[in-house]
Amino acid sequence: MKTYSIALLPGDGIGNAVTEAAWDVLQAAAKASDFALEGTFFPWSCDFYKQTGAMMPSDGIETLRRFDAILLGAVGWPAEVPDSVSLHGLLLPIRKAFTQYANIRPHRLLPGVSGPLKSSAFDIVCIRENTEGEYSGAGGRIHQGTLNEVAIETSIFTWKGVERILRFGFEQARARNGRLASVTKSNAQRYSMVFWDEITQMLASEYSDIEVTSYHVDAMAARMVMAPETLDVVVASNLFGDILTDLGAAIQGGLGFAASANINPDRTAPSMFEPVHGSAPDIAHLGIANPIAAIWSGAMMLDHLGEKSAAQRIMAAIEATTGAGIGTIPGNHTTQTITKSVLQTIA
Ligand code: IPM
Ligand code: MN
């Protein structure tokens with residue numbers, strides 16, 4: 001039987017409960033579709049940091065490299081470890097080391113979920129650049145703690161990095177409805193963002209079957225609220241994509257429904273699948289975290305591994321669950337009830 005090896009990194013807070021839920025559902029889908037998933041659990045988290053002084057062991061990246069995929073819950077416990085330490089110690093290094101340059105985030109309303117907008121007929125896929133740009137980590141601080149302090153955080157945009165994410169966006173648009181929205185802020189940022197626009201134009205002539213529109217990020221924020229049904233594939237830099245996908249999560253009913261895939265399209269290293277929501281310390285011990293975002297991310301993992309029908313089976317089970325009003329309103333159902341409902345539909 002075909003077997004995939006999966007690294008399980010539940011991380012912090014609700015990451016634990018939602019990863020467990022997603023893993024149960026993935027196992028059920030695998031069983032129903034005649035393949036196997038072999039999970040290896042890693043306790044890398046803020047607790048691990050408190051015990052060892054690091055978010056993961058020094059050979060953590062090499063350890064993960066041999067897996068077919070990584071399923072991650074959430075990273076961060078700011079009361080005890082600063083987010084800037086925990087994220088740069090685990091999540092961000094994985095995205096960079098494994099060249100997971102495309103962060104795919106779908107935004108649409110699941111059946112039974114009413115979002116905050118009048119418009120409900122939208123189906124957007126955001127493609128966020130995931131390895132460079134504003135989150136490159138290039139910068140520094142001098143004269144720290146004095147009134148002469150200077151902090152610099154430099155955005156890095158490379159031809160290679162910009163071209164590959166745009167190409168990925170064009171390909172996604174080709175596989176969907178043929179429309180690509182490229183997001184910059186080239187009226188104000190005249191180097192990196194003009195560069196991005198130029199590469200968009202260069203590729204547009206190659207992908208003449210795709211309708212390309214460039215938007216400034218502020219206008220895109222408004223469009224996602226006022227006319228989301230006009231959008232198909234949206235491609236943006238790391239920071240802009242980060243912000244727009246929280247907006248995307250909001251219009252799809254909340255972070256409990258926002259799934260994501262950190263993809264290495266060249267398959268030279270494992271890809272990583274995670275819900276967009278964080279560790280949610282405020283509800284971490286209440287048992288009410290919505291596992292749907294994590295389960296949907298798991299479906300994206302199976303899709304990436306080539307197990308398309310199992311992925312569709314999970315999506316159908318999610319849709320049957322929300323369609324029956326389970327998991328649609330925050331706090332109304334427990335993590336367990338929602339997971340059980342998804343499992344029942346899969347079996
Ligand atoms: C996300 C998160 C992370 C990001 C944070 C936690 C570093 O907000 O996945 O969107 O910005 O990449
Ligand atoms: Mn974010």
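A crossing of two helices is left-handed if the near helix is turned anticlockwise from the far one by less than a right angle, and right-handed if clockwise. Keep that handy for the second half of the tour.

What's loaded is a predicted model, where local features need pLDDT of at least 70, side-chain atom pairs count only at pLDDT 80 or more, and totals for chains, interfaces and linings use all residues. Residues are numbered from 1 along each chain as its sequence is written, chains are lettered from A and ligands numbered from 1 in the order written, and side-chain values use heavy atoms, leaving out hydrogens and water.

**Stop one: the ligand**

Select ligand 1 and show what surrounds it (a heavy atom within 4 Å): Leu87, Arg95, Arg105, Arg128, Tyr135 and Asp242. Now check distances from ligand oxygens to polar side-chain atoms: 2.7 Å for Arg128, 2.8 Å for Arg105 and 2.9 Å for Asp242. On its own the ligand exposes 320 Å², and the protein buries 75% of that (Shrake-Rupley, 1.4 Å probe).

**Stop two: the helices**

Select residues 292-304 for H10 and 308-323 for H11 (helices are DSSP runs of H or I, at least four residues). Their axes, lines fitted to C-alpha atoms over the stretch in contact with angles from 0 to 180 degrees, come within 7 Å and cross at roughly 160°. H10 and H11 are therefore roughly antiparallel (over 145 degrees), and the crossing is left-handed.

Next, add H12, residues 335-346: H11 and H12 pack at about 125° with axes 8 Å apart. That pair is therefore oblique (not under 35, over 145 or 65 to 115 degrees), and the crossing of H11 and H12 is right-handed.

Note on methods:
A polar contact is a pair of N or O atoms within 3.5 Å; within protein, one must be able to donate a hydrogen and the other to accept it, and residues adjacent in sequence count only if both atoms are side-chain atoms. Helices (H or I, at least four residues) and strands (E, at least two) are DSSP runs, numbered from the N terminus.
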